[in-house]
Amino acid sequence: MSDLNLETSTEATLSHLCETCRGIDFKTYFIDITASEDEPKPPKQSRPESSKLGYLDDIIEKSSSCEFCSLLVSCARRLNNGQDPPTTQEGVRVTAELDRQFLCSADDVDFEGKVVGMEINRCIINFQPAIFGFFSKIRFQIHKEGGEVPGFGRLMGSSIDPEKLKSWLHTCEDSHGADCNSPEWLGEPSQPSFLKVIDVEKRCVVPAPPNCRYVALSYVWGDPKEVKSRLWLMKMTNVANSQLDNGLDFDLLPTTITDSMELVSKIGERYLWVDALCIVQDDEKEVAEQTSQMDLVYACALATIIVATGENAEAGLPGVKSPRSLSQTKVHIGGDYHLMETVAQGNSNHLQNSSWNSRGWTFQERLLSRRALIVTPEQVYWECEHKVLSEEVHLETGGTRIWVLPQAMDCNDEWDDRTSKFSRGSLSSYVTRYSTRRFTYQADALAAFSGILRRMEFRNKQQFYWAIPYDLFDQALTWRYGSTRRAELCQMIADGEPYKIGFPSWSWLGWSGFVGGWIFNYEMNNDRITGKSRSEIDFYRLYADGHVELITDKTQRVKCGPDDKPLPEGYPEPSDSDPLHQGADFSQSGQWKGEGLIESNVPVPEMDFKLPPVDLASIDTGRLVFWTSYAKLKVHSIDQDDMIVEIAGRRVTIGISEGTVVEEYERRVESVVEQKAGQDEEHGVTGLEEGVKAVTLVDNTGADNVSKDLANPDGASPEGVPAMMDFIVISRYWPVGIAQFKPESLNLLIVTFSETEPDVAQRIGTGLIVEKDWIAADREWKRVILA
């Protein structure tokens with residue numbers, strides 16, 4: 001066939017597309033051939049440039065005669081709540097551009113008569129201006145008629161196919177070995193003795209049989225005012241009836257629970273664990289005991305059903321009893337291939353933006369699950385320690401090796417960097433991801449994270465105090481931000497008896513709002529192990545009888561690398577001149593440090609809540625006691641991450657993280673202004689003298705230090721009113737990933753002291769100061785009780 005006839009034939013085949021779309025080789029956007037058995041070194045494919053599709057208003061006009069333009073406009077309407085998309089923004093016409101996004105790679109694929117390696121992408125549409133936001137994209141996948149190719153899209157039904165879910169589960173059990181059956185972070189745990197489960201056949205709650213094969217449920221309860229007043233919760237009054245055959249009242253149970261029972265039955269399993277029914281909700285002791293062991297409940301489960309649909313427990317599981325509303329419109333792009341829309345366009349219904357993903361308890365429920373069936377409005381995902389699968393993409397591999405980018409599968413959140421589960425280095429990421437979660441009851445913040453801490457204790461032989469690790473305790477206290485203190489009391493257990501206590505200000509758990517976790521520094525940790533580095537401050541736990549306990553890591557450790565694995569014997573020691581070892585210089589410590597020993601019999605205030613009938617020596621107060629270097633400094637101003645303080649006639653910049661520092665500074669400034677009202681002008685705030693020397697500026701973001709002359713040559717008063725604030729040293733500063741030295745520096749806590757309890761302070765933020773500047777300050781060695 002001549003080239004002319006071939007071109008004519010192609011145009012006839014693709015006559016359902018407009019001229020612009022016929023000129024796009026869609027297949028090259030979807031597929032990259034990376035290797036072939038016939039061509040070990042195939043010619044390198046050139047990556048297709050993005051294709052400009054034109055103005056959106058023109059695409060809408062062509063949509064009546066071009067199937068791809070029509071599909072694009074239809075998807076845009078889905079992103080715009082069913083309305084036509086805006087074609088201009090601030091007077092600028094909107095353009096559309098076709099690009100691609102990596103999804104997975106596969107080896108040994110039988111494709112078009114050859115065994116090849118492939119990279120499979122999705123096509124995405126970018127709009128300029130970004131009318132749906134930067135992250136919200138229209139996305140398409142490739143589909144082949146009459147065959148399933150790894151990474152290609154496939155058609156779904158309106159109902160969930162239980163056979164597919166069963167095959168995912170059984171393949172994992174049979175083929176994934178210890179990775180999923182007994183991962184390193186779990187070991188061989190015993191089933192909790194308190195465990196009760198729902199028998200989905202008999203519709204009742206029963207004690208879990210030995211070695212029970214059960215599925216757990218992770219879902220959102222919702223507002224109690226909106227969900228039948230939560231009459232379905234297990235209470236002491238209905239425990240006996242619930243244990244009888246058909247003892248669960250299906251008229252009261254929310255749809256999510258009844259749908260989950262149905263799904264468990266369809267996949268051939270019998271038992272389901274649901275917190276609302278398997279824990280007696282008005283038995284305070286049972287709630288405290290069982291919620292503190294959620295790691296075992298979820299980790300021992302065969303799998304967890306994650307319900308990321310709707311706002312409450314009435315949302316149900318689409319596709320179980322009621323059909324799903326799906327759109328998988330296809331457009332022929334040549335041969336046996338079609339371009340097909342993904343079932344979830346943009347990001348409005350993705351897991352990351354679901355109500356489930358915003359709740360506090362659900363964070364650890366997912367992490368603690370070895371296997372998960374993630375139910376979204378459009379489809380079900382499978383996630384285990386080994387794989388990520390979905391209904392709409394063929395990823396079941398058989399003999400094909402396949403690697404999937406989890407972030408492209410819509411079943412992760414933006415902070416999920418897939419670090420090794422419960423490794424020491426993962427804690428910072430967990431803290432950040434957890435910190436913005438919402439709670440119906442803020443008092444649950446520790447309990448809803450305790451399962452993660454227990455698994456980290458098991459895997460890493462770590463010990464935690466209010467979610468701060470004993471090893472590197474001084475460094476972990478330097479977490480940043482947090483916007484609001486938690487005022488609620490936290491439920492604790494002492495000798496099996498529950499009691500309540502306030503969240504400490506020094507723990508990130510004591511704050512709501514975004515928290516920036518500390519970065520685990522392996523070089524510093526190794527220096528601690530070899531004795532080249534140590535904590536500057538000795539911290540003690542305070543108990544209700546006044547005795548104290550030194551916080552010290554007694555675990556025998558070996559030096560590790562960034563992968564959290566032991567360094568091989570003979571691994572070269574880093575040079576002492578390495579900038580990342582700066583924090584090991586203790587040569588100036590003696591100029592600001594004193595004796596740190598704390599004796600027992602520390603004064604303990606009278607508790608404002610009822611203590612349990614147990615020995616006071618077993619009751620934790622949530623308070624730290626320690627000796628440290630303290631200074632009250634005059635603060636002249638705060639500008640974003642910089643605080644200007646006065647030290648020895650100079651102005652010094654301290655790098656800070658806010659917390660509630662700004663609010664406290666403004667409150668103190670207001671107090672100063674009120675006190676000075678009516679006083680003579682000579683008693684007002686004066687500027688610094690002329691000729692003040694340049695001073696060192698430090699920030700805690702890793703930027704270079706600079707010197708800056710802050711003196712006012714005219715001797716005029718500075719803008720703003722200064723106020724006195726309190727600072728304590730918490731640790732020596734260790735840089736992370738900085739390529740050059742900074743001046744030796746100290747981590748500070750900015751605190752407020754109690755007006756009624758001597759030495760008692762609360763953290764309101766963190767700071768960083770050059771050590772020589774701190775030495776120059778008017779300071780004292782002080783015992784502090786940090787509440």
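**Close-up views of the predicted model**

**View 1. An open sheet of eight strands with mixed pairing is shown, its strands following the order 9-8-11-10-12-15-16-17.** The edge positions are taken by strand 9 (204–207) and strand 17 (388–390); each has a single partner strand, so one side of each lacks a neighbour in the sheet. Averaged over the sheet and ignoring direction, neighbouring strands are turned by 30° against each other. The model is a predicted one.

**View 2. Strand 10 and strand 11 form a parallel pair within this order.** Strand 10 covers residues 214–218 and strand 11 covers residues 271–273, and three bridges connect the two. One of the contributing positions is Tyr214, whose bridge partner in strand 11 is Tyr271. Strands of a sheet pair through backbone hydrogen bonds, in either the parallel or the antiparallel sense.

**View 3. Strand 15 (residues 371–375) is largely enclosed by the rest of the structure, because five of its five residues are buried.** Arg371, Leu373 and Val375 point one way from strand 15, whereas Ala372 and Ile374 point the other way; all are buried. Buried here denotes under 20% relative accessible area.

**View 4. Strand 15 pairs in the parallel sense with strand 12 and in the antiparallel sense with strand 16.** Strand 12 (residues 303–307) is joined to strand 15 over four bridges, and Thr304 has Ala372 of strand 15 as its bridge partner. Strand 16 (residues 380–384) is connected to strand 15 by five bridges, with Trp382 of strand 16 as the bridge partner of Leu373. The link between strand 15 and strand 16 is a hairpin of four residues.

**View 5. Strand 18 (residues 401–404) displays alternating side chains.** Ile402 and Val404 point to one face and are buried, while Arg401 and Trp403 point to the other face and are not buried. Strand 18 pairs with strand 5 (residues 95–111) in the antiparallel sense over four bridges. Within this pair, Asp107 has Arg401 of strand 18 as its bridge partner.

**View 6. The whole chain, given for context, contains 19 helices and 37 strands.** Of its 787 residues, 53% are buried. Among contacts with a separation of 6 or more, 74% are between residues 24 or more positions apart. The accessible surface of the chain comes to about 34900 Å², and carbon and sulfur atoms account for 47% of that area.

Terms used. Residues are numbered from 1 along each chain as its sequence is written. This is a predicted model: local features need pLDDT of at least 70, side-chain atom pairs count only at pLDDT 80 or more; totals for chains, interfaces and linings use all residues. Side-chain values use heavy atoms; hydrogens and water are left out. Buried means under 20% relative accessible area, exposed over 50%, partly exposed in between (1.4 Å probe, protein chains only). Contact means heavy atoms within 4.5 Å. Accessible areas come from the Shrake-Rupley method with a 1.4 Å probe; for residues, only the protein chains shown count as cover. Two strands pair if DSSP finds at least two bridges between them. Axes are lines fitted to C-alpha atoms, for helices over the stretch in contact, and angles run from 0 to 180 degrees between N-to-C directions.
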